[in-house]
Amino acid sequence: MTNYSKEEADTWVAKDEEFVMRPWTHPPGEPVIVAKGRGCTITDVHGKEYLDLTAGYFVNAAGHCHPRIVEAATRQLGEVLQVSGKHGTVAAIRLAERLVHLAPKGLHKAFFSTGGSESNEFALRMARQHKKKPDVAYLENAYHGLTIGSLEVTASDKYRESAGRPLGANTYAVPNAYCYRCKFGPAATCKVECLDGLAAAFDARPQTAAVIAEPIQSVGGLAPPQKWWDRFDRVRKERGILLVLDEVQTGLGRTGKMFAAEHYGLIPDIMTGGKGLSGGVGSLAMTMAPDALVEKFFGGTTPTSGGNAVSAAAGLALLDTIVDEGLIENAARMGRYFTEASWSLKDPWIGDVRFTGLLGGIELVRDIASKEILGKAEVSRIKDLLHEQGMLITVSGTHGNVLRLQPPLIVTAAQIDQFLAVLAKVLPAVRKGK
Ligand SMILES: Cc1ncc(COP(=O)(O)O)c(C=O)c1O
């Protein structure tokens with residue numbers, strides 16, 4: 001049932017407040033209790049429609065309830081659902097085979113778990129076991145998940161403190177590339193000075209097994225230039241440090257390539273993924289590695305729901321849809337369109353527009369020349385007004401001033417125009433204190 005009376009809808013909102021634990025403070029207008037999703041649109045229990053620029057937290061790459069995914073999942077429901085992780089299903093085998101063919105070369109096997117955080121935990125354990133070294137480096141500003149092992153390589157102090165105990169004696173941060181706010185000068189004269197200290201940082205930690213990084217940092221949409229990755233990769237390789245690429249958010253077409261590693265020609269030693277891998281049906285994540293690393297890896301037992309057959313069947317259908325409907329190309333095209341159309345608003349608060357495919361968003365500043373960060377109150381107000389007007393977004397970025405705009409990869413130019421028409425009214429309204 002998706003049509004609720006006002007009274008019923010109010011009840012669901014009240015019951016959410018009463019019974020569902022949400023361990024963060026939510027602003028007015030949240031949470032949206034969703035009754036239905038189709039394509040790029042969701043409808044809440046009150047019947048209000050939103051253009052979903054979050055894609056269900058970057059999961060529904062082919063849009064909500066894509067018929068092909070629903071059909072594949074439904075078919076699998078009649079076959080087998082979950083088997084012990086000690087065994088297997090045809091759906092999971094087919095998905096693993098497909099991923100090995102799609103992934104950067106040299107990754108021979110896929111291990112299925114239930115979420116991106118878990119997939120990174122496995123990757124780090126595998127790297128540490130293989131190198132017989134305990135330390136792991138991560139990039140400043142990184143987000144790799146909320147379980148304890150993933151928190152240890154997540155940069156946010158607030159998130160780290162949520163563990164309730166000190167974290168990370170064996171982890172340390174190395175510089176990322178935040179080119180819009182580069183301390184060293186304009187892009188035209190960039191000599192990747194931000195990495196001048198990288199070799200020394202690695203050398204100070206000779207027990208480093210691996211460095212974990214996203215090819216493009218999803219928090220804030222930070223895409224390093226090619227020369228940044230070239231230098232970074234060279235320095236870590238010279239020291240025999242393994243590269244773990246986290247493609248949980250950047251993978252499966254979002255950046256205009258199947259995996260964002262392809263933008264830079266990166267060959268990871270281990271690669272992780274998740275989000276859309278389940279086609280939005282349940283939760284499925286992967287850790288991929290070469291035979292040489294897999295052979296001696298001891299993972300303990302298996303995650304109970306890892307590799308669920310229905311999720312795997314839906315994930316396969318998603319991959320087919322991505323390829324058959326040209327969604328990678330659409331992501332690249334719509335990312336370019338979003339960039340040009342956002343700049344053309346010429347709003348004095350738009351400091352930077354960063355899209356790689358459909359990963360990224362708009363960084364808001366109080367003043368374009370000084371790049372002064374737009375305050376939290378204004379950014380929250382902008383988000384609230386966008387929500388009021390049926391535009392579902394999230395806010396992100398190192399300084400919490402980036403409108404993260406990551407719709408399903410099927411989004412059209414007309415839908416982007418629809419969003420920007422609303423944004424063009426909301427920004428001046430908030431400037432006027434509304
Ligand atoms: C880059 C990255 N890594 C890891 C994770 C954690 O994934 P999950 O929430 O499925 O545990 C996320 C989730 O947003 C992510 O964006």
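Me: Which residue in strand 8 is the bridge partner of Ala213?
Reply: Leu245. Keep in mind that this is a predicted model.

Me: How many bridges join strand 7 to strand 8?
Reply: Four. Strand 8 covers residues 242-246, and the two strands run parallel.

Me: Does strand 7 have another partner, and which residue does Asp135 stand opposite there?
Reply: Asp135 stands opposite Thr208 in strand 7. Strand 5 and strand 7 pair in the parallel sense, over four bridges.

Me: Is strand 7 mostly covered or uncovered?
Reply: Mostly covered. Six of its six residues, 208-213, are buried.

Me: What about strand 4? How many of its residues are buried?
Reply: Four of the five, so strand 4 is largely enclosed by the rest of the structure. Strand 4 spans residues 109-113.

Me: Which strand do five bridges join to strand 4?
Reply: Strand 10, residues 285-289. This pair runs antiparallel. Within it, Phe112 stands opposite Met286 of strand 10.

Me: Let's zoom out. How is the protein divided?
Reply: Into domain 1 (6-62 + 326-431) and domain 2 (68-324). Their centres, taken over C-alpha atoms, are 25 Å apart.

Me: How many residues does each domain give to the contact?
Reply: Domain 1 gives 27 residues and domain 2 gives 26.

Me: Which elements give two or more residues on the domain 1 side?
Reply: Helix 2 (55-58), helix 13 (327-343), strand 11 (350-356) and strand 12 (359-367). Helix 13 has the largest share, with five residues.

Me: And how do the residues on that side divide?
Reply: On the side of domain 1 that touches domain 2, 13 are nonpolar, ten are polar and four are charged.

Me: Now the nonpolar core. How many residues are in the largest one?
Reply: The largest nonpolar core has 113 residues. Ala210, Val244, Ile270 and Ala313 have the most contacts inside it.

Me: Which helix gives the most to this core?
Reply: Helix 12, residues 309-324, with ten residues. The core also draws at least three residues from each of domain 1 and domain 2.

Me: Any reason to expect a core like that? What do nonpolar side chains tend to do?
Reply: In soluble globular proteins, they tend to be buried together.

Me: Back to Ala210. Which residues is Ala210 in contact with, leaving aside its neighbours within four places in sequence?
Reply: Leu124, Ala127, Val136, Ile241, Leu242 and Val244.

Me: New topic, the ligand. Which residues come nearest?
Reply: Gly115, Gly116, Ser117, Gly145 and Val248, out of the 13 residues around the ligand.

Me: Which helix gives the most to that shell?
Reply: Helix 5, residues 116-131, gives three residues. By type, the shell around the ligand divides into two nonpolar, nine polar and two charged residues.

Me: Any odd backbone spots? Which phi and peptide bond forms are found in most cases?
Reply: Most residues other than glycine have a negative phi, and most peptide bonds are trans. Here, though, the peptide bond from Glu30 to Pro31 is cis, with omega near -5 degrees.

Me: Where is Pro31 found?
Reply: In the loop between helix 1 (6-19) and strand 1.

Me: What is the phi of Phe58?
Reply: Positive, about 65 degrees, although Phe58 is not a glycine. Phe58 has its place in helix 2.

Me: Does Phe58 count as buried or exposed, and why?
Reply: Phe58 counts as buried because it has 23 C-beta neighbours inside 10 Å. The cut-off for buried is 20 or more.

Me: And what is the phi of Lys132?
Reply: Near 55 degrees, again a positive value in a residue other than glycine. Lys132 lies in the loop between helix 5 and strand 5 (135-139).

Me: Is Lys132 buried or exposed?
Reply: Exposed, because Lys132 has 8 C-beta neighbours inside 10 Å. A residue with 12 or fewer counts as exposed.

Me: Last one, the open sheet of four strands. What is its order?
Reply: The order is 1-2-3-14, with mixed pairing. Strand 1 (34-38) and strand 14 (391-392) are the edge strands, and each pairs on one side only.

Me: In which sense do strand 1 and strand 2 pair?
Reply: Antiparallel, over four bridges. Val34 stands opposite Asp44 in strand 2.

Terms used: Residues numbered from 1 in each chain as written. Predicted model: local features only at pLDDT ≥ 70, side-chain atom pairs only at ≥ 80, totals over all residues. Domains from an automatic or database assignment. Contact = placed C-beta atoms within 7 Å. Nonpolar A, V, L, I, M, F, W, Y, C, P; charged D, E, K, R; others polar. Pairing = 2+ DSSP bridges. Near = placed C-beta within 6 Å. Core = buried A, V, L, I, M, F, W, Y, C linked by C-beta atoms within 7 Å.
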